[in-house]
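Visitor: I have a chain on the screen and some questions about how it is put together. Can we go through them in turn?

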Amino acid sequence: MQVELVAADRLVWSGEATMVIARTTEGDVGILPNHAPMLSLMVDGTVDVTTSEGESWVAAVNAGFLSVAGNRISILSEQAQISHEIDLEKARQDLQRAETAGENPDDAAEAAARAWAEARIRAAEHASSSR
């Protein structure tokens with residue numbers, strides 16, 4: 001399957017894969033070759049990819065879209081980072097800052113900052129635990 005992970009400002013990763021796992025509004029979805037066509041909304045979280053060479057990588061993504069058609073997977077997100085690009089300490093500081101600033105739990109910007117920091121932390125920790 002051809003996979004493209006695209007952020008608003010750049011192509012993050014493109015290549016062949018044998019499996020992709022992503023979090024959608026309906027829950028986690030696993031995609032294997034010849035998957036039925038689908039279009040889903042994604043939520044902040046991680047995307048796990050197993051490449052055709054048997055390597056695995058994880059990326060943090062914020063809300064976006066996941067499209068599957070004809071063995072092509074497009075993941076479109078405003079922000080996306082591959083785990084090895086993530087500064088784990090900075091992500092933890094960002095989370096702490098978002099939590100301490102979060103006096104209003106209904107503030108959408110604070111919730112988005114918190115979710116993005118949490119996604120980056122999960123991606124970086126997942127990558128470091130699989131080494």
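Visitor: Which residue in S7 is the bridge partner of Gln 2?

Guide: This is a predicted model, and the answers rest on its coordinates. Strand S1 covers residues 2-7 and runs parallel to S7, with six bridges joining the two. In S7, the bridge partner of Gln 2 is Arg 72.

Visitor: Which elements make up the chain, and in what order do they run from the N terminus?

Guide: The chain holds two helices and eight strands. Its radius of gyration is 15 Å, close to the 14 Å that the globule rule gives for 131 residues, so the chain is as compact as a globular protein of that length. Read from the N terminus on, the order is β-β-β-β-β-β-β-β-α-α.

Visitor: How many bridges join S6 to S7, and in which sense do the strands run?

Guide: S7 spans residues 72-77. Within this pair, Leu 66 stands opposite Ile 75, and Phe 65 has Leu 76 as its bridge partner. The strands are joined by six bridges and run antiparallel.

Visitor: Which residue in the hairpin of S6 and S7 takes a positive phi?

Guide: Two residues lie between the strands of this hairpin. A phi near 55 degrees, which is positive, belongs there to Gly 70.

Visitor: Which residue of S6 stands opposite Leu 41?

Guide: Leu 41 lies in the range of strand S4, residues 38-51, which pairs with S6, residues 64-69. That pairing is antiparallel and has five bridges. Opposite Leu 41 in S6 stands Phe 65.

Visitor: Which residues of S7 form its covered face?

Guide: In a regular strand the side chains alternate between the two faces of the sheet. The uncovered face of S7 has Arg 72, Ser 74 and Leu 76. The covered face has Ile 73, Ile 75 and Ser 77.

Visitor: Which residue in S3 is the bridge partner of Val 20?

Guide: S2 and S3 run antiparallel and are joined by five bridges. A hairpin through two residues connects S2 to S3. In S3, the partner of Val 20 is Ile 31.

Visitor: Is Glu 26 buried or exposed?

Guide: Glu 26 is found in the loop between strand S2 (10-24) and strand S3 (27-31). Its relative accessible area is 75%, and the cut-off for exposed is over 50%. Therefore Glu 26 counts as exposed.

Visitor: What distance separates the C-alpha atoms of Glu 26 and Phe 65?

Guide: Along the chain, Glu 26 and Phe 65 are 39 residues apart. In space, their C-alpha atoms are separated by 13 Å.

Visitor: What share of the residues of the chain count as buried?

Guide: The accessible surface of the chain comes to about 7,200 Å², and 51% of that surface belongs to carbon and sulfur atoms. A residue is buried at under 20% relative accessible area. Of the 131 residues, the buried share is 39%.

Visitor: How far apart are the mean positions of the positive and negative charges?

Guide: The chain has 10 positive and 21 negative charges. For scale, the C-alpha trace spans about 45 × 30 × 25 Å along its principal axes. The distance between the mean positions of the two sets of charges is 3 Å.

Definitions and conventions. Residues numbered from 1 in each chain as written. Predicted model: local features only at pLDDT ≥ 70, side-chain atom pairs only at ≥ 80, totals over all residues. Heavy atoms only, no water. Pairing = 2+ DSSP bridges. Helix = DSSP H or I, 4+ residues; strand = E, 2+ residues; numbered from the N terminus. Rg over C-alpha atoms; globule rule 2.2 N^0.38 Å. Buried < 20%, exposed > 50% of the residue type's maximum accessible area, 1.4 Å probe, protein only. Areas by Shrake-Rupley, 256 points an atom, 1.4 Å probe, with all protein chains shown as cover. Lys, Arg positive; Asp, Glu negative; His and termini not counted. Charge placed at Lys NZ, Arg CZ, Asp CG, Glu CD.
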